[in-house]
Amino acid sequence: MGVVVRRNGQTQHNTWFVAMDEGFNLLCQVVGTAPVVVAVGARVTVVRAVAPHGQGLPVVELTHPAPDSQQWW
C-alpha cells in the first residue's frame, strides 16, 4: 500500500509517483478510475508489481480517495 504524492506530467496513461508504506517511491499506473479522480494524498494498493516479461510500470488501484482539500484540480 502507499500514498499518491504527485502526478507524472500530463500523460494519458494515468501515471503517478506513489510513496509506498515501506519507505520507497515508485512511478505507478493507476487503473480502475479516471485520471481526474486520482489526487495527491489518495491511498492505493498494488494490483500487479510488474507487467509480463518485466515491461511496464507497477499497477495500483485506489483504496481511499484523498480529501477534497488535497485534490490536484
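Two residues count as in contact when they have heavy atoms within 4.5 Å of each other. With that in hand, here is a look at this predicted model, from the whole chain down to a single residue.

The protein chain is an all-strand affair in its secondary structure, with zero helices and five strands. Read from start to end, the pattern is simply β-β-β-β-β. Confidence averages a pLDDT of 81 over the chain, and 74% of the residues reach at least 70. Among the elements, strand E2 (residues 15-20) comes out with the highest mean pLDDT, 93, while strand E5 (residues 59-64) has the lowest, 88. Where pLDDT is low, the predicted coordinates are not to be read in detail.

As for what is tucked away, 26% of the chain's 73 residues count as buried. The protein chain exposes about 4500 Å², and carbon and sulfur atoms make up 56% of that area. Contacts also reach along the sequence: of those between residues at least 6 apart, 44% join residues at least 24 apart.

Now to Thr63, which sits in strand E5. Its relative accessibility is 29%, and since partly exposed covers the range between under 20% (buried) and over 50% (exposed), Thr63 counts as partly exposed. Leaving aside residues up to four places away in sequence, Thr63 touches Met1, Arg43, Val44 and Thr45. Ala42 is 21 residues from Thr63 in sequence, yet the C-alpha atoms of Thr63 and Ala42 are 7.7 Å apart in space.

Conventions:
Residues numbered from 1 in each chain as written. Predicted model: local features only at pLDDT ≥ 70, side-chain atom pairs only at ≥ 80, totals over all residues. Heavy atoms only, no water. pLDDT = per-residue confidence, 0-100. Helix = DSSP H or I, 4+ residues; strand = E, 2+ residues; numbered from the N terminus. Buried < 20%, exposed > 50% of the residue type's maximum accessible area, 1.4 Å probe, protein only. Areas by Shrake-Rupley, 256 points an atom, 1.4 Å probe, with all protein chains shown as cover.
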